[in-house]
Amino acid sequence: MFGLFKKKSEKQKLQDAYQKKLSEAHKVSHSNRTAADKLMAEAEEIAKKIDQIKD
């Protein structure tokens with residue numbers, strides 16, 4: 001309840017985006033490997049940004 005109106009930090013937003021990209025890549029990998037590789041590359045870029053933030 002106390003965190004109801006608390007905004008997400010930049011790191012948390014990036015972590016959510018990273019998880020979303022990984023999930024999409026996994027779903028697409030069953031039908032289109034090239035698209036899955038592209039999504040994985042995007043997820044890795046997000047992971048690099050997360051490492052740079054380091055709270």
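Let's call a residue buried when its relative accessible area is under 20%, exposed when it is over 50%, and partly exposed in between (1.4 Å probe, protein chains only). One caveat up front: this is a predicted model, so to speak of local features takes pLDDT of at least 70, side-chain atom pairs count only at pLDDT 80 or more, and totals for chains, interfaces and linings use all residues. Residues are numbered from 1 along each chain as its sequence is written, and side-chain values use heavy atoms, with hydrogens and water left out.

The chain has two helices and zero strands, where helices (H or I, at least four residues) and strands (E, at least two) are DSSP runs numbered from the N terminus. Of its 55 residues, 15% count as buried. The C-alpha trace spans about 45 × 25 × 10 Å along its principal axes.

Now walk along H2, residues 33–53. At its start, a side-chain oxygen of asparagine 32 comes to within 3.3 Å of the backbone nitrogen of threonine 34. From first C-alpha to last, the 21 residues of H2 reach 31 Å, close to the 30 Å expected at 1.5 Å a residue (that is, 1.5 Å times one less than the number of residues).

Which residues of H2 are buried? They are Ala36, Leu39, Ala43, Ile46, Ala47 and Ile50. Looking down the axis, the buried residues fall within an arc of 110°, so they line one face of the helix; the arc is taken over directions from the helix axis to the C-beta atoms. Their cover includes helix H1 (10–28). On the other side of H2, Thr34, Lys38 and Gln52 are exposed. Just after H2, lysine 54 adopts a positive phi of about 35°.

How values were computed:
Contact means heavy atoms within 4.5 Å. A polar contact is a pair of N or O atoms within 3.5 Å; within protein, one must be able to donate a hydrogen and the other to accept it, and residues adjacent in sequence count only if both atoms are side-chain atoms.
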